[in-house]
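User: Could you take a close look at the salt bridges in this model for me? I'd like to know where they sit and what surrounds them.

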Amino acid sequence: MKQKFIRVSMVLAIVSPLVAIIAGCASIIHGGMQTVNIRSNPSEAKATLYNMAGMTIMSQNTPCMVTLNRGTGFFSKGVYRLVVEKPGFQKFETQIQGQIDGWYLAGNFVFGGLIGWIIVDPMTGAMWTLKPNQIDANLAA
């Protein structure tokens, strides 16, 4: 009986920290930030990114990369507006926004459980994947 108790204690000592470490599966896999690639044709166009409050987050020439928060608060997905423009060409506008991430759904079902679903991943924003993560802005003349 004592040996069985020792085995169970050893298993719990190993498994408990592992469960705590992987409590938020999406947070562990890719974290709360995501890089979005922005290209344009023609290149060297001005790319300006705005948050939903209309504040400028980034303004630089294409091609460029920007690292964005996947979420903007507890259970709130990131939503951004991108404007790409160059003199002599029509302006290109699109939206980048979060969609539920597969690691959040499946990973927490297998590993993280309720802690990952309702606390860790929603808090870090890792429950979201920003789409599109690559933008090719074709500016019409």
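Analyst: There are 3 helices and 10 strands in this predicted protein, where helices (H or I, at least four residues) and strands (E, at least two) are DSSP runs numbered from the N terminus. Reading from that end, the order is α-α-β-β-β-β-β-β-β-β-α-β-β. A quick word on ground rules: this is a predicted model, local features need pLDDT of at least 70, side-chain atom pairs count only at pLDDT 80 or more, and totals for chains, interfaces and linings use all residues. Residues are numbered from 1 along each chain as its sequence is written, and side-chain values use heavy atoms, with hydrogens and water left out.

On confidence, pLDDT is the predictor's own score for each residue, from 0 to 100. The protein averages 82, and 71% of the residues score at least 70. Residues 16–23 fall below 50, and in the model that stretch has 10 contacts beyond near neighbours in sequence; a contact means heavy atoms within 4.5 Å. Where pLDDT is low, the predicted coordinates should not be read in detail.

Now to your salt bridges. The term here means a side-chain nitrogen of Lys or Arg within 4 Å of a carboxyl oxygen of Asp or Glu. Searching the whole structure turns up 3 of them.

Start with Asp136 and Arg39, whose side chains meet at 2.7 Å, N to O. Asp136 sits in strand β10 (residues 134–138) and Arg39 in strand β1 (residues 33–41), so this pair links distant parts of the chain, 97 residues apart. How open are the two ends? Asp136 is partly exposed at 41% relative accessible area, and Arg39 is partly exposed too, at 40%. On this scale buried means under 20% relative accessible area, exposed over 50%, and partly exposed in between (1.4 Å probe, protein chains only).

Next comes Glu93, which bridges to Arg81 with the closest N and O atoms 3.2 Å apart. Glu93 lies in strand β8 (residues 92–100) and Arg81 in strand β7 (residues 79–85), so the pair ties together parts that are 12 residues apart in sequence. Both count as partly exposed, Glu93 at 44% and Arg81 at 34%.

Glu93 has another partner, Lys91, with the closest N and O atoms 3.8 Å apart. Lys91 counts as exposed, at 52% relative accessibility. Through shared partners, the salt bridges join Arg81, Lys91 and Glu93 into one network.

What lies around these strands? Val84 is a handy landmark: not counting residues up to four places away in sequence, it touches Ile38, Ser40, Ala45, Lys46, Ala47, Thr62, Lys91, Phe92, Ala137 and Leu139. So Lys91 of the network is among the residues that Val84 contacts. Val84 also belongs to the largest nonpolar core, where Ile38, Leu49 and Val84 touch the most other members out of 17 residues. A nonpolar core is a set of buried Ala, Val, Leu, Ile, Met, Phe, Trp, Tyr and Cys residues joined through side-chain atoms within 4.5 Å. The elements giving two or more residues to this core are β1, β2 (46–51), β4 (64–69), β7 and β10.

A few backbone details sit in the loops. After β1, in the loop leading to β2, you'll find Pro42, and the peptide bond from Asn41 to Pro42 is cis, with omega near 5°. Glu44 is in the loop between β1 and β2 as well; it has a positive phi of about 65° although it is not a glycine, and it is partly exposed at 48%. Pro63, in the loop between β3 (56–61) and β4, follows another cis bond, from Thr62, with omega near -5°.

Phe75 also has a positive phi, of about 60°, without being a glycine. Phe75 lies in the loop between β5 (71–73) and β6 (76–77) and helps make a nonpolar surface patch of about 590 Å², along with Phe74, Ile115, Ile118, Ile119 and Met123. Patches are built from residues with over 30% relative accessible area and no salt bridge, like charges being joined within 9 Å and nonpolar side chains (Val, Leu, Ile, Met, Phe, Trp, Tyr) within 5 Å. Areas come from the Shrake-Rupley method with a 1.4 Å probe, and for residues only the protein chains shown count as cover.
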